[in-house]
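The following report takes up one residue and its surroundings, then the chain that holds it, and finally the packing between chains and between helices.

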Amino acid sequence: MSDSEAASNGGGVLDAVAARLLDASVLERIGIAVASTTLAILIGLVVAAATGYDPVQFASQLLVGAFGSERAIARTLRSTTLFVLTGVAVAIAFRAGVFNIGVQGQFVVGGFSTVVSIIWLAAFVPSGTVGGIVLMLSGTAAGVVTGGLYGALPGVMKAYGDANEIITTIMLNFIATGFVGWLVAGPFGDPEATATRTRRLPDNVELPQAVFGDPNLSIVGILLMLGVVALVAVITSRTRFGYDMVTSGYQDTAATYSGVDAKRMVISTMTFSGMVAGLTGALFVIMIQGYYTDPSGIGNYGFDAIAVSLLAANNPLGVLPAGLLFGGLESASSHVQINSDVPVQLIDGIVGLVVLFVAAPELFRMIAARTGLGGDAE
Amino acid sequence: MNVTDSLTVARLRLVGITIGVLAVLGAVLSGIFDVDLSRLITRGFVTRSLEMATPITLAAIGGLYAEKSGVFNIGLEGFMIFGAFTTAGTMFALGGTSPTQGDVWVAILVAIVVSTLLTAVFAVLLIRYKADQIVAGLAVWFVGLGFAPFVAALVWGSRSSPGLTSIDKLAFGQSPLVFLTIVVVGVAWVFLFRTRYGYWVQAAGENPEALDTAGVDVNRVRYATVIFSGAMAGFGGAVLLAHAGNFVGTGSTMVDGRGWIAIVAYLFGNYNPVGAAAAALLFGALDMLNVQFQTVGIEISARLVNLLPYVAVLVVLTAYGKTRIPAVVGEPYETEE
């Protein structure tokens, strides 16, 4: 079989998948998202009950942990910013039919280069607020560029080497975690720190706090999140680039006939997606962490972002409520970890189930048809 | 170019790339680090590489059967996690922290049964409910990453198990599971390319309409291969645990990407069980180079050496990406009634 035949076969698969996805109306997607989440949480509660915990108490701890106090809400919003931003990064790629599973890696290398560039530049920039702003802007630029390049790499491999991006991006995640982990422990480690981490960012690198008294949540972070969501929503729905991106994802044969260079589109999409992931990494270090640690312990924002994006049907605006749900779950898990005997990994399992159910909309259609409850999933 | 020609070219490329990778590694080692290669490639190294290759090989064979029949089981990694965890849990249930060899074998069997049951549910979602194969496969991984450490935390109060026991070596210092895997590879090859059922599997992925016309239920073939793939991935996870002797559930768990590497192994092996096993051996050897480097005194961080298999996967996929995928992978089949 020749390569062009192989390509048209692959194209056929994508077009068929796209046609099925487009069948679903917006309302139906919302119905499926709500049904998936509800079913996953219910199963989580059943598991909690089956393993000897009080499901009602667990459910109420989830709620209290996410929204029960000002502290909990601040914590929820903090995680939400990260989930929404990484979720947008995933959504950009998935909308274009490119499965960027590598947002985690792009997030890690982006954040790490932000820390390194800020520490390196700090010697040349005056201390004080203005110097801090210069450092934050240049550090963020470094994060965006590094994340973009790390995203472009699997894009190039797919475009010119036909390497399946799902597998290459997963490998690049392992490589990012291992390599940055080695850098943090060795060449870039802080010799005076007992823990494995880089030196701290200078004191003037700090964002103003939000209305809540949480030092790790800034109004700038929340505005940045909203700004990126709006920007990506406009780009994908109102510009030529966004139009080409989405058509090449949903109808790649049509896109090719209208003159879109599929190879370049894959690379630009992956770069764009990686840039948003890198930006999230920069925000994470500047707003929250203040240094870089071993990336195997910083949380799986880039992975959960896949669930966030899928739950939102890869719509940048839908990522906001989906990200809030995940931010709430993450915030609740730190509450559960302290105030409950239930192992927090249960929440990770629930997240996995959400993704599983989102993948099978047909399941809910059949349930809806059987029970005659067409209402929310028709 | 007909199919036989392209397969021959593919085999030549496979051999070429493998030799290339090994030659570059050898040259780098002997050139830069001034290392005697005979000290690097020892009998222990071969043993460890084979041991490391077995879980990858088993999962890869399962995955290639599913994909040959037209279903991409991207959840291998997740099923390996379930397999490894179930083995550890069963061993602990049977013999506490000092299970017997009999317990180890029983645990492996239980793991295969449990993975078979879980994959049956997964297969129903994929085939009956036409779930998106990529997303559902990723979900299996997430579910595995969540629930295995969750149950581990319930049982042991920690995401990892205490030391249990690993399987006893048989002849030549080799684990019996290595020999078993070699047998499985042979049987899988014969079954796929020399029996009627094997042809059904291939037809389900290449030309399901023809298979349907011939009176064979395409979806039944696919159910069989998908369930087989999950069972084999679970078996792979069980073997990984039986060699390691304890369960590690932190981070990306002890499976740590081997399910993904298994997918690359069968792509690299061009959907041939023997080729997949050879590719798995290459990745297993890269994984174990770490120990060799330490013994011959090359000072490279273990963490960096451990990244070698992942880098190799990238090189292999980019240089060898154009594999001949079955015609209808990813498409649900609707019977025309």
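Leaving aside residues up to four places away in sequence, Thr165(B) touches Ser98(B), Pro99(B), Val104(B) and Gly245(B), where two residues are in contact if their C-beta atoms, placed from the backbone, lie within 7 Å. The model is a predicted one, in which local features need pLDDT of at least 70 and side-chain atom pairs count only at pLDDT 80 or more, while totals for chains, interfaces and linings use all residues. Residues are numbered from 1 along each chain as its sequence is written, and chains are lettered from A and ligands numbered from 1 in the order in which they are written.

Thr165(B) lies in the loop between α6 and α7 (176–194) of chain B; helices are DSSP runs of H or I with at least four residues, strands are runs of E with at least two, and both are numbered from the N terminus. Thr165(B) is partly exposed because 18 other C-beta atoms lie within 10 Å, given that 20 or more would make a residue buried and 12 or fewer exposed. Between the C-alpha atoms of Thr165(B) and Leu282(B), which are 117 residues apart along the chain, the separation is 27 Å.

Chain B as a whole has 14 helices and 0 strands, and buried residues make up 51% of its 337 residues. Among its contacts between residues at least 6 apart in sequence, 79% join residues at least 24 apart.

Turning to the interface, 45 residues of chain B are in contact with 45 residues of chain A. On the side of chain B that touches chain A, α6 (133–156), α11 (258–268), α13 (302–305) and α14 (308–319) each supply at least two residues, and the largest share, 14 residues, comes from α6(B).

Within chain A, helix α4 (residues 70–95) and helix α8 (residues 219–238) pack at an angle of about 15 degrees with their axes 9 Å apart. That angle makes α4(A) roughly parallel to α8(A), since angles under 35 degrees count as such. The contact includes Leu77(A) and Val84(A) of α4(A) together with Ile222(A) and Met225(A) of α8(A).

The table divides both sets of residues by class, with Ala, Val, Leu, Ile, Met, Phe, Trp, Tyr, Cys and Pro counted as nonpolar, Asp, Glu, Lys and Arg as charged, and the others, Gly among them, as polar.

| Set of residues | Nonpolar | Polar | Charged |
|---|---|---|---|
| Side of chain B that touches chain A | 30 residues | 8 residues | 7 residues |
| Contact of α4(A) with α8(A) | 10 residues | 3 residues | 1 residue |

Note on methods: Axes fitted to C-alpha atoms, helices over the stretch in contact; angles between N-to-C directions. Parallel < 35°, antiparallel > 145°, perpendicular 65-115°, else oblique.
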